[in-house]
Structures are given as structure tokens and as C-alpha cells.
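Got the model open in your viewer? Let's walk through it one selection at a time, and I'll tell you what to look for at each stop.

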Amino acid sequence: MAERRFVVMDVGGTTLRTGLYRPEGDTLEAVRRTPTSGIAIDPDTPVRVLQERVIGQIAAEAETALRRHGGSAAGIAFAGPVTDAGCVLGAPTIWGAGGDPVAAADLLRERLGVPVVVVNDVAAAVWRYVRGPEEPPFCLITVSSGIGNKVYWGGRVLLDGGHGGELGHWTWRTDPAAPRCDCGGRGHLGAIASGRGLLAAARAAGEADAPAYRASALGLACPRPDQLTNEILALAIRSRDPFATGVLRAGLRPLASAITSVFCAIGVRRFRIIGGFARAVGQRYADLLTECLHENDCFGLDPADIDRLVLMGHADDDHGLIGAGRLLARETGNAYGSGHIPAGDTGDVRNTSHVLAHDSGSLAGERA
Ligand SMILES: [Zn+2]
């Protein structure tokens, strides 16, 4: 059989990435990034117009890549809820709130003339971490400008009628001063513990205690709290600055509570963390989250079990691309590639080499 080549895409609010995935080697290459022609560029354009524009852009990018690489199918990870049939129900970060559902998979299949799979980006990312039919259950959590999650269990991503995977909109605070979520709600986990939420919390803490802020790594790097950035915040946490660490801890407590609830409800014991902000903080993020989980005392687990709950994902932003490729491979035969799982995983996995030739993602690039 000839080697298969899939064109894979990850469509986010700011960046549209296209790459070539080869299932036989489980490799991603030739990654190209371009700004998404959506609401980030044209905030005042009607949703219907932006929908057409973005779908047209995806089709054009995919067409070029299919021709260039000789691809036989296209897998598209999309930042928004998507039905099993590849119909996009909404994409607020891409074309704004509202708008009719878009039958993206059908439209693109017709235009491209090859099999097309369209899937939610976090659901796509899940498949990067599924190494075979025996993969134990896990919950993938993404911490970037917002928070999202998906639970994998027994060969499928758990959703019920479009519900599920929305821990970011789980309400932690109900007081009137609770921070506003990008969905319009208040006090949601995503408004508190996301990169954006933590940045707002760090700025507020800096205004509230100016002397402590000035003496911190944050104050040294950025004298004015209102000009603080996620990059500076993440670096300060990595360097164990107490002020910055305190800000993150306050955000990790509700996340730990959410994780404990998921564990208590369904027993899943692996929580893999991806997303630009968590990646920028690195292993320290998992360590601090694990500390908060110990405070919560997860029912039925001993301390050594709790130490194994949180795992960091790969330190790149290729989850949607590789996941879409692996999902396509699964749907078109030869189910699973050779999954390289990063250090910090449980000892039951043999790391295989994983060749990635592409540009490295930046924290800024992942923000929606
Ligand atoms: Zn929300």
C-alpha cells in the first residue's frame, strides 16, 4: 500500500495552521501558519460573512496543501462545538457569537474532492494521547486564553448531545464581583484559572499591594501591573517568585476542585494538561496543581495516587494537527501511530522517537 499522507489543519481564533501528517511514521511536517480571516481581523463584519470567508480560507489552504503534498484526505480541528457529522455549531473566537450552524465537513468534502473530517480542537487533541484500544481513560484539560476539557473513555470522547467538555464554564464564584467569562457568565473557572483570568488576577493583586508587587519578579520585569503580560507572569512562576506563585495558586484551587469532582463522579485518574499558559509555566504548573489536589484529599486515593493524577502534555501546540491526523488514520484503517508520550507519564509506556519538523509555537500564537 502506498504511504498515506493527510493534510491536517488547526483553525483557531487568531491562527490557522496547516501541516502534513504521515500516519505510517506518525510524523507532522511542513507546518504553515497564517492569520485566521475571522473576527480577530475584522471585528465589525457580520457573522454570516465571516463564516463564508473562513470556510473559503480553509478550503483554499487545504487545496494548496493537498496539491503540494499529494494528500489523500483532510482532517480539520476547529475551535468550537462540532457535531459527529462535522457540522460546526458555533465558533465565537473565530467568527463571533451566533450565526447558523455550518456543515463544514460537507462543504469542504464537496470543494476538495477527498474525505474530510472536521472535529472540535480539544477532541482532536485527545487522539494524540490515545495509543491503542487499551488506552485507559483520561481527561484532557487545556489551559490557554480559556479553559476546555474532554474525557476519553473506551474508544470515544465522552459527550452527550453536544454537552460535556466545558469545565471552563463551571461556576466557582457567584458573588457580584466575580470576573466575567468570555461566554458572558460570571465566576466561571475559565474566567479565573485561564491565562487571561490569571493575568487579570495578577494585575489586580499588583494594584492592591503595590510594595509587594514592586519587590516581586513581576515588578522587576514590569513596573506597572496594568502592563503585565502572560509571558512575564509564566516566567516569574517558573522562577518560583512567591507573589506570582500565589496568584497561580489562587487560580489552581478551583481547577483542583473541578478535577476532584470529575474524579469523584466517574473515577478517571489521569488528567493531562495542555494549552499555552500551562505549557509556558511547564512542570511547575503540574507540581502546584498536584499540591492543591493534596489539599482536596481525593476520596479513595492515597497520596502516591494523587501524585500521579496530573501529567503535562507535549510542550508544543501541535495537538490539534497531530490529533486530527491520528483521528483520520483511525477512521481510514491502520488505527494508531507510534505515540511518543512525554516524560512524567506513568511507566507503562515505551517512548518511541517522534520526528517533528515544523515551527515551534509561541504562547502568543495560541491566544484566541
Ligand atoms: Zn463561561
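Start by selecting Trp 172, which is partly exposed, with a relative accessible area of 39%. Keep in mind that you are looking at a predicted model. Now add Trp 170, also partly exposed, at 28% relative accessibility. How far apart are the ring centres of Trp 170 and Trp 172? They sit 5.9 Å from each other, and the ring planes make an angle of 40 degrees, so this pair is tilted.

There are five aromatic pairs in the structure. For another aromatic spot, select Trp 127, Phe 138 and Tyr 152: ring pairs join these residues into a cluster.

**Next stop: the zinc ion**

Select the zinc ion and show the side chains around it. Which residues coordinate the zinc ion? You should find His 169 and His 188, each through ND1, along with Cys 181 and Cys 183, each through SG, at 2.0 to 2.3 Å. Try the angle tool here: the four donor atoms make angles of 99 to 118 degrees, and the site is tetrahedral. For reference, the ideal angle for four tetrahedral donors is 109.5 degrees.

Follow the chain through the site and the donors come up with the spacing H-x11-C-x1-C-x4-H. His 169 and Cys 181 are twelve residues apart, and both are in the loop between β8 (156-157) and α5 (189-192). Are these two donors buried or exposed? Cys 181 is buried, with a relative accessible area of 6%, while His 169 counts as partly exposed at 31%.

**A patch on the surface**

Stay with that loop and pick Leu 158, which also lies between β8 and α5. Leu 158 counts as partly exposed, at 30% relative accessibility. Add Trp 153 and Ile 266 to the selection, and you have a nonpolar surface patch of about 230 Å² made by Trp 153, Leu 158 and Ile 266.

**Hunting for salt bridges**

Side chains of opposite charge can pair when their charged atoms come close. How many salt bridges does the count come to? It comes to 20, so here are a few to click on.

Select Asp 42 and Arg 53, whose closest N and O atoms are 2.5 Å apart in a salt bridge. Asp 42 is in the loop between β3 (27-35) and α1 (47-69), and Arg 53 is in helix α1, so the pair ties together parts eleven residues apart in sequence. Both partners are partly exposed: Asp 42 has a relative accessible area of 28%, and Arg 53 has 35% relative accessibility.

Now try Arg 131 and Glu 135, whose side chains meet in a salt bridge at 2.6 Å, N to O. Glu 135 counts as buried, at 7% relative accessibility.

Then go to Glu 295 and Arg 253, another salt bridge, with the closest N and O atoms 3.4 Å apart. Glu 295 belongs to helix α12 (residues 283-296) and Arg 253 to helix α10 (residues 242-266), so this pair ties together parts 42 residues apart in sequence. Arg 253 counts as partly exposed, at 37%.

For a linked set, select Glu 3, Arg 5, Arg 22 and Glu 29, which form a network of salt bridges.

**Last stop: helix α9**

Finish by selecting residues 230-238, which make up helix α9. Which residues of α9 are buried? Look for Asn 230, Ile 232, Leu 233, Ala 234, Ala 236 and Ile 237. After α9 comes Arg 240, with a positive phi near 65 degrees.

Definitions and conventions
Residues are numbered from 1 along each chain as its sequence is written. This is a predicted model: local features need pLDDT of at least 70, side-chain atom pairs count only at pLDDT 80 or more; totals for chains, interfaces and linings use all residues. Side-chain values use heavy atoms; hydrogens and water are left out. Donors are N, O and S atoms within 2.8 Å of the metal (3.2 Å for Na, K and Ca); water is not among the atoms, so sites may look incomplete. Four donors count as tetrahedral if all angles lie between 85 and 135 degrees; four count as square planar and six as octahedral if opposite donors are over 155 degrees apart and all others between 65 and 115; anything else is irregular. Helices (H or I, at least four residues) and strands (E, at least two) are DSSP runs, numbered from the N terminus. Buried means under 20% relative accessible area, exposed over 50%, partly exposed in between (1.4 Å probe, protein chains only). Patches are made of residues with over 30% relative accessible area and no salt bridge: like charges are joined within 9 Å, nonpolar side chains (Val, Leu, Ile, Met, Phe, Trp, Tyr) within 5 Å. Accessible areas come from the Shrake-Rupley method with a 1.4 Å probe; for residues, only the protein chains shown count as cover. A salt bridge is a side-chain nitrogen of Lys or Arg within 4 Å of a carboxyl oxygen of Asp or Glu. Rings of Phe, Tyr and Trp (its six-membered ring) pair if their centres lie within 6.5 Å; planes under 30 degrees apart count as stacked, over 60 as edge-to-face and the rest as tilted.
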